[in-house]
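Me: I should like a close look at a single part of this protein, followed by an account of its surroundings. Please keep the account to what the model itself supports.

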Amino acid sequence: MSLAQTPSNPVRLTISRYGLWIIFAALVLLASLLSDRFLTGSNLLNIARQTSVNALLAFGMTAVILTAGIDLSVGAMLAVIGVSAALLDQAGLPFPLTALLVLIGGSLIGALNGVIVAYGRIAPFVVTLAALTIWRGVTLVMTDGTPVSGLSASFQNIGNADWFGLPSIAGVALLALGLSWFLLRRTAWGRGLYALGSSEDAARFAGLNVERLKVTVYAFSGLLSAVAALLLTSRLYSAQPTAGSGFELDAIAAVVVGGTSLSGGRGSVIGTLLGALIIGVLNNAMNLLDVNAFYQQIVKGGVILGALLLERLLNRS
């Protein structure tokens, strides 16, 4: 839950400060009681791998939502960037150069969203929904609807290696967490995002360059989408034209469950990490218990709705 507003009621104060941790611990306990496979080392590492891509997208989404914006195009960006990286790899480019190009490309794609939002003065929902459609179409044109495989060994290794017993994909997600936390909490740029989300007019009167903040925050989301694309493509040993479908909703869910306000100005990437872990554990537990995929969607929707209602309850004056 958000810590920006501190409730005076002791019960509300406890829930506000530790609610996410309590929910996460209760979920882990319940899953371990219902399935003896849940607390095995291989399954926990599997949760870390599955949660990492969503967490990377969600960290960028957190920054965007803090400005009262939204980015519905992250899943489609992941697909087009993953395909681009695979095609560059097939063309024989060294992996470091491929990675550099797609990271720059992801940032520019995100920045383009920001330019249209900031200078075109069009609602972020509309801009990024259109971008989602465009990049899905571009991905299908580039691949003719077929996967791109045959990646080099160095590309395949980046998302499947272990770093001191931890999957590399989870290690990268933790590095992104640290970077995101530092940028949001320790830099003028991060403070500007909170101010912009609280009141755009007040931020403008305070001398902040609102348009530049909007462009850079969408570029940041695009950059993290590119990182996620590289890792997911490597982990799957191929680029799938339909990769990332629905990932934007999972990222938004992690942000909302993590306590970031959709109206902007309040939230943290630590909360988002917990939100991503809660959703990851929930997905994993339901898979272990062979819950029908249709019912899984209903449960996830219920969790998001519950998080929103709890936030509204805690912040009610």
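Over residues 163–184, what percentage of the chain is helix, what percentage is strand, and how far apart are the end C-alpha atoms?

Reply: Residues 163–184 are 77% helix and 14% strand, and the C-alpha atoms at the two ends of this stretch lie 27 Å apart. Helices (H or I, at least four residues) and strands (E, at least two) are DSSP runs numbered from the N terminus. The model is predicted: local features need pLDDT of at least 70 and side-chain atom pairs count only at pLDDT 80 or more, while totals for chains, interfaces and linings use all residues. Residues are numbered from 1 along each chain as its sequence is written, and side-chain values use heavy atoms, with hydrogens and water left out.

The stretch coincides with an entry in a record. UniProt, in an unreviewed entry, assigns the feature "transmembrane region" to residues 15–34, 55–88, 94–115, 122–143, 163–184, 215–237 and 269–288; such annotations may be inferred rather than shown by experiment, and feature names are shortened. Another of these ranges, residues 122–143, is 91% helix and 0% strand, with its end C-alpha atoms 31 Å apart. Within helix α5 one finds valine 126, which is partly exposed because its relative accessible area is 47%.

For the chain in general, the protein contains 13 helices and two strands, and its C-alpha trace spans about 60 × 55 × 35 Å along the principal axes. Of its 317 residues, 49% count as buried (buried: under 20% relative accessible area; exposed: over 50%; partly exposed: in between; 1.4 Å probe, protein chains only). Among contacts (heavy atoms within 4.5 Å) with a separation of 6 or more, 77% join residues 24 or more positions apart.

Charged side chains provide further links. The structure holds five salt bridges, each a side-chain nitrogen of Lys or Arg within 4 Å of a carboxyl oxygen of Asp or Glu. Glutamate 200 and arginine 204 form one such bridge, at 2.9 Å from N to O. Both belong to helix α9 (residues 200–205) and are four residues apart, about one turn of the helix. Glutamate 200 is partly exposed at 29% relative accessibility, and arginine 204 is likewise partly exposed, at 33%. Arginine 204 also bridges to glutamate 211, with the closest N and O atoms 3.1 Å apart; glutamate 211 is buried, its relative accessible area being 13%.

A further bridge joins lysine 300 to aspartate 250, at 3.1 Å from N to O. Lysine 300 lies in helix α13 (residues 293–314) and aspartate 250 in helix α11, so the pair ties together parts that are 50 residues apart in sequence. Lysine 300 counts as buried, at 15% relative accessibility. Through shared partners, salt bridges connect Arg121, Glu200, Arg204, Glu211 and Lys214 into one network.

Helix α11 (residues 247–257) is itself mostly covered, with eight of its 11 residues buried. These are Glu248, Ala251, Ile252, Ala253, Ala254, Val255, Val256 and Val257. Just after α11, glycine 259 adopts a positive phi of about 100°.

Leucine 39 offers a contrasting setting. It is found in the loop between α1 (10–34) and α2 (41–66) and is exposed, with a relative accessible area of 51%. Leaving aside neighbours within four places in sequence, leucine 39 contacts Val28, Ser32 and Leu44. The C-alpha atoms of leucine 39 and leucine 29, 10 residues apart along the chain, are separated by 9.5 Å.
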